[in-house]
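Dear colleague,

I am handing over a structure for your studies, and my findings follow below it. Please keep the display open while you read.

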Amino acid sequence: MIATVTMNPAVDYTVSLEEPLMKATVNRTDHERITAGGKGVNVSLILQQLDVPTTVYGYLSGTTGAMIAEQLQRTQIPTDWIEVPNQMNRINLKIRENNTVTELNGRGVSVTEQDTELLLQKLRRCGDGDYIVLAGSIPAGAPATHYADVMAALEDTGVRFAVDAAGAPLREALRCKPFVIKPNLPELCALFDSEIDTWWDALPYGKKLQEMGAENVLLSLGGDGALLFTAENRVWHLSAPHGEVKNAVGAGDSMLGGFLAAVVQGKPLTEALRMGVAAGSATAFSEWIANRSRMDNLLRTLPEPTELV
Ligand SMILES: Nc1ncnc2c1ncn2[C@@H]1O[C@H](COP(=O)(O)OP(=O)(O)OP(=O)(O)O)[C@@H](O)[C@H]1O
Ligand SMILES: [Mg+2]
């Protein structure tokens, strides 16, 4: 089973503009779409399509929380939400113009120690052979050690962790030896406060992340595919397929979903990398999170990853 935790579920309000976005004036949208979820939810959407059992965990509050619960119900993915009173889940605005997306993300729901304890109680049902995905931002006001604290509290369960986070929460989480982390290039630059222009330059940093505690590092490179640094000290690259990009938001989450699906199905990590790239690119070529047939079609076209020595 793969449990995904979205500490900060959101309603995503994605608008498309035909004219460039202007500050300090009224802009009109050409098209709007409202979707509910967050990074962990996106991972679960991919897992469900790949027939991998998954449950969504996270905090919900207010009318936006009710919207998120209702949308998830329609997907039929099992959920085990924690209701937080008197707040509201955030609305994240994504503005699409030509080839760019500008994002304006809210702060989200803040949680108490009791809420965290409730989440830990629920996650204690996971054990050996299970995975917990910690994806996205930590709750508003929580310490940077939040993910690390959750991981440490569940250490004795034997569960393995996948972390898709940025900045200090990611750095702290590394201490608890996650099975896999999935940074992208900008997140890598921010973490090491360095300019890393090409994936070739990123190679030493992938290794550093392993020295800091990550067992495997899946470094996503957008249109350049991905690098995988494995626990056996091997490094693999796989280019992304070409196609018309419709909406790359959630491509990284999809990649993590595809990767973990292969892992729980007992496939080798090079195959997990192929499934990750197929799922990520399938989402980039879709209006929203990819469907199964698009992932399968892309997977058939992907070569074996290349080993870098
Ligand atoms: N322009 C693109 N063309 C083809 N594939 C893409 C493109 N952008 C993303 N992908 C696919 O999706 C994967 C993950 O993308 P990316 O590196 O953009 O993740 P990310 O920045 O974490 O995204 P997000 O956080 O929005 O989910 C890539 O490794 C690649 O397989
Ligand atoms: Mg990402």
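The second largest pocket of this predicted model has a volume of about 210 Å³. Its lining is formed by M151, A152, L154, E155, V159, R160, F161, C176, K177, P178, F179 and E215. Two elements, α4 (146–153) and β9 (160–164), each give two or more residues to that lining. By character, the lining residues of the second largest pocket comprise eight nonpolar and four charged ones, with no polar residue. As background, rolling a probe the size of a water molecule over the atoms shows where empty space is left.

I turn next to a sheet. In general, strands of a sheet pair through backbone hydrogen bonds, in either a parallel or an antiparallel manner. Here, four strands form an open sheet in the order β3-β2-β6-β7, and the pairing is mixed. Why do β3 (31–37) and β7 (100–104) each have one side without a neighbour in the sheet? Both strands stand at the edges and have a single partner strand each, so one side of each is left free of a neighbour in the sheet. From one strand to the next, the twist averages 20°.

Within this sheet, strand β2 (residues 10–17) pairs with strand β6 (residues 90–97) in the parallel sense, over eight bridges. One place to look is A10, whose bridge partner in β6 is R90. Helix α2 (residues 62–75) packs on the sheet and touches β2, β3 and β6. The direction of helix α2 makes about 85° with that of β3.

Yours sincerely,
A colleague

Methods
Residues are numbered from 1 along each chain as its sequence is written. Chains are lettered from A and ligands numbered from 1 in the order in which they are written. This is a predicted model: local features need pLDDT of at least 70, side-chain atom pairs count only at pLDDT 80 or more; totals for chains, interfaces and linings use all residues. Side-chain values use heavy atoms; hydrogens and water are left out. On a 1 Å grid over the protein atoms alone, a cavity is a set of points where a 1.4 Å probe fits but cannot get out, and a pocket is an open set with protein on both sides within 12 Å along at least five of seven lines; lining residues have an atom within 4 Å of a point. Grid points are joined across faces, edges and corners, and a volume is the space filled by probe spheres set on the points. Ala, Val, Leu, Ile, Met, Phe, Trp, Tyr, Cys and Pro count as nonpolar, Asp, Glu, Lys and Arg as charged, and the others, Gly among them, as polar. Two strands pair if DSSP finds at least two bridges between them. Axes are lines fitted to C-alpha atoms, for helices over the stretch in contact, and angles run from 0 to 180 degrees between N-to-C directions. Contact means heavy atoms within 4.5 Å.
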